[in-house]
Amino acid sequence: MSELAPARRSPIRGRIATAAITSAGFVALLWVIEIVDTVLGNSLDYYGIQPREINGLWGILWAPLLHGGWQHLLANSGPALVLSFVILLSGVTLWLEATAIIWVVAGVGTWLIAQPNSVHIGASSLIFGWITFLVLRGIFARSALQIVVGILALAAYGGVLWGVFPGQQGISWQGHLFGAIGGVIAAVLLGRRARENATPTTG
């Protein structure tokens with residue numbers, strides 16, 4: 001009788017599984033929040049960003065988690081699932097860092113310049129940031145693989161970037177614009193850091 005060594009989990013398969021679980025978990029959280037919001041008569045929506053109102057600063061924290069109905073959430077769920085999954089393949093820490101930068105830049109920018117007496121909600125600010133992050137990260141990291149990923153992301157979702165311009169009423173182009181800017185900032189900071197970490201040093 002022989003004893004078999006336990007099968008080792010492939011690092012690549014483990015990373016894919018972690019990315020899938022985390023991205024699905026984030027989108028599931030959005031759906032749970034929308035269910036709660038529906039039960040409460042959509043009262044949570046007023047916790048979004050209220051430009052240049054002191055109380056509206058709390059919206060920077062909550063706005064990407066809130067949606068103006070099921071159609072709004074459904075439109076954001078697919079891109080959020082795909083884009084966050086792709087970034088998460090490079091690690092949960094990278095996704096958290098990039099998302100935090102996008103989250104704050106999008107929220108502060110919207111709070112500063114959006115029209116008064118309005119409330120801004122939705123994960124689209126993150127989606128726009130994730131797109132620009134993926135498109136540009138490889139350039140600053142000087143990674144051929146990431147540049148290819150960026151080209152694919154641009155081909156798949158680049159058309160939505162027109163949403164950074166004023167257009168359809170009721171759409172927060174300010175959130176889109178500053179989300180995209182946040183993605184650029186994240187690509188510069190995190191891409192350069194990755195390049196520096198990958199550069200061999202001599203002593």
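1. A quick definition before H4: the expected span of a helix is 1.5 Å times one less than its number of residues. Helix H4 covers residues 92-113, which makes 22 residues. At 1.5 Å a residue H4 should therefore span 32 Å, and the C-alpha atoms at its ends are indeed 32 Å apart, so the two values agree. Do keep in mind that this is a predicted model.

2. Now the overall picture. The protein chain has seven helices and zero strands, so the pattern read along the sequence is simply α-α-α-α-α-α-α. Along the principal axes, its C-alpha atoms fill a box of roughly 70 × 50 × 30 Å. Of the 203 residues, 43% count as buried. Take the contacts between residues at least 6 apart in sequence: 79% of them join residues at least 24 apart. The accessible surface comes to about 11700 Å², and carbon and sulfur atoms account for 68% of that.

3. Back to H4 and what it buries. Its buried residues include the tryptophans Trp-95, Trp-103 and Trp-111, along with Gly-107 and Gly-109. Leu-94, Ala-98, Thr-99, Ile-101, Ile-102, Ala-106 and Thr-110 are buried in H4 too. What covers them? The cover includes H1, helix H2 (59-62), H3, H5 and helix H7 (173-198).

4. H4 also takes part in a salt bridge, and the structure holds one. The partners are Glu-97 and Arg-193, with their closest N and O atoms 2.6 Å apart. This pair links distant parts of the chain, since Glu-97 sits in helix H4 and Arg-193 in helix H7, 96 residues apart. Are the two side chains buried or exposed? Neither, quite: Glu-97 counts as partly exposed because its relative accessibility is 25%, and Arg-193 counts as partly exposed at 36%.

5. Helix H6 is worth a look for its sidedness. Its 14 residues, 144-157, should span 20 Å at 1.5 Å a residue, and the end C-alpha atoms are 20 Å apart, which agrees. The buried residues are Gln-146, Gly-150, Ala-153 and Tyr-157. Seen down the axis of H6, these fall within an arc of 65°, so they line one face of the helix. As a reminder, an α-helix has 3.6 residues a turn, so residues three or four places apart point the same way. The buried residues of H6 pack against H3 and helix H5 (124-141). On the face turned away from that buried side are the exposed residues Ala-144, Leu-145, Ile-151, Leu-152 and Ala-155.

6. Then there is a nonpolar patch on the surface. Trp-31, Val-32, Ile-35, Val-36, Val-39, Leu-40, Trp-70 and Leu-74 form it, with about 760 Å² of accessible area together. Helix H1 (11-39) and helix H3 (70-88) each supply at least two of its residues, and H1 gives the largest share, five residues. Trp-70, one of the patch residues, is found in H3; its relative accessibility is 35%, so Trp-70 counts as partly exposed.

7. Last, a look inside H1. Ala-19 is found in this helix and counts as buried because its relative accessibility is 0%. Which residues does Ala-19 touch, leaving aside its neighbours within four places in sequence? They are Phe-85, Leu-88 and Leu-89. As for Ile-121, which is 102 residues from Ala-19 along the chain, the C-alpha atoms of the two are separated by 25 Å.

Conventions. Residues are numbered from 1 along each chain as its sequence is written. This is a predicted model: local features need pLDDT of at least 70, side-chain atom pairs count only at pLDDT 80 or more; totals for chains, interfaces and linings use all residues. Side-chain values use heavy atoms; hydrogens and water are left out. Patches are made of residues with over 30% relative accessible area and no salt bridge: like charges are joined within 9 Å, nonpolar side chains (Val, Leu, Ile, Met, Phe, Trp, Tyr) within 5 Å. Accessible areas come from the Shrake-Rupley method with a 1.4 Å probe; for residues, only the protein chains shown count as cover. A salt bridge is a side-chain nitrogen of Lys or Arg within 4 Å of a carboxyl oxygen of Asp or Glu. Helices (H or I, at least four residues) and strands (E, at least two) are DSSP runs, numbered from the N terminus. Buried means under 20% relative accessible area, exposed over 50%, partly exposed in between (1.4 Å probe, protein chains only). The arc is that of the directions from the helix axis to the C-beta atoms. Contact means heavy atoms within 4.5 Å.
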